[in-house]
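Student: I can read the labels on a structure, but I do not know what earns a residue its label. Could we go through some of them?

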Amino acid sequence: MDIKDKIKSLLRQTVLDFVNGDFQEIQAKLIEQLTINDIKRELDYWGSLTIPPDFAYENVDYYKYDDGSGYALEFYLWIDNQQSDLTLSCEAILDQNDNILSFTIEDLHVL
């Protein structure tokens, strides 16, 4: 499994946490500046989060850091079975052997 597949697996689980409203799991992945109340407040503006179809994960935007330390990624969440403008921004930090050291939620916003 290549590194993007590993990251995609973590992203899928994170999206599932959002769909299931598992705020305890979500909170464990938040960066320090972002609170669970920030997340809940943003979600209040939208309909019901739904599980994206498999093909949606082919459209993840990956941004590899120049120093090779990881990736930033953007993923459009699905609401009421439609792709929305609500975007989940995450970061995966890697070691020199491409092992994932951390996977964090950086933001939830509209693109």
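**Labels and their cut-offs**

Student: Why does Asn81 count as exposed?

Tutor: Asn81 has 52% relative accessibility. Exposed means over 50% relative accessible area, buried under 20% and partly exposed in between, with a 1.4 Å probe and protein chains only. Asn81 is over the upper cut-off, so exposed is the right word. The model is predicted: local features need pLDDT of at least 70 and side-chain atom pairs pLDDT 80 or more, while totals for chains, interfaces and linings use all residues. Residues are numbered from 1 along each chain as its sequence is written, and side-chain values use heavy atoms, without hydrogens and water.

Student: What makes Asp80 partly exposed?

Tutor: Its relative accessible area is 46%, which lies between the two cut-offs. Asp80 is in the loop between β3 and β4, and Asn81 is found there too. Strands are DSSP runs of E with at least two residues, helices are runs of H or I with at least four, and both are numbered from the N terminus.

Student: What is notable about phi in Asp80?

Tutor: Phi of Asp80 is near 50°, a positive value in a residue other than glycine. For Asn81, phi is near 65°, again positive in a residue that is not glycine.

Student: How many aromatic pairs are there?

Tutor: Three. One of them joins Phe55 and Trp78, with 6.0 Å centre to centre and 80° between the planes. Rings of Phe, Tyr and Trp (its six-membered ring) pair if their centres lie within 6.5 Å; planes under 30 degrees apart are stacked, over 60 edge-to-face, the rest tilted. The value of 80° is over 60, so this pair is edge-to-face. Phe55 is in the loop between β1 (49-50) and β2 (61-64) and Trp78 in strand β3 (residues 70-79), so the pair ties together parts 23 residues apart in sequence. Phe55 is exposed at 52%, whereas Trp78 is buried at 10%.

Student: Is the pair of Tyr57 and Phe75 stacked or edge-to-face?

Tutor: Stacked: the centres are 4.8 Å apart, and the 10° between the planes is under the cut-off for stacking. Tyr57 lies in the loop between β1 and β2 and Phe75 in strand β3, so this pair ties together parts 18 residues apart in sequence. Tyr57 is buried at 4%, and Phe75 is buried at 2%.

Student: How do you know that the charged end of Arg12 sits over the ring of Tyr57?

Tutor: The distance from the ring centre is 4.1 Å. The rule asks for NZ of Lys or CZ of Arg within 6 Å of the centre and within 35 degrees of the ring normal. Lys40 has its charged end over the ring of Phe23, 4.9 Å from the centre.

Student: Which residues touch the most other members of the largest nonpolar core?

Tutor: Leu11, Phe18 and Leu88, out of 30 residues. Such a core is a set of buried Ala, Val, Leu, Ile, Met, Phe, Trp, Tyr and Cys residues joined through side-chain atoms within 4.5 Å. Elements giving two or more residues to this core are α1 (3-20), α3 (36-43), β3, β4 (82-94) and β5 (100-110). The largest share, six residues, comes from β3.
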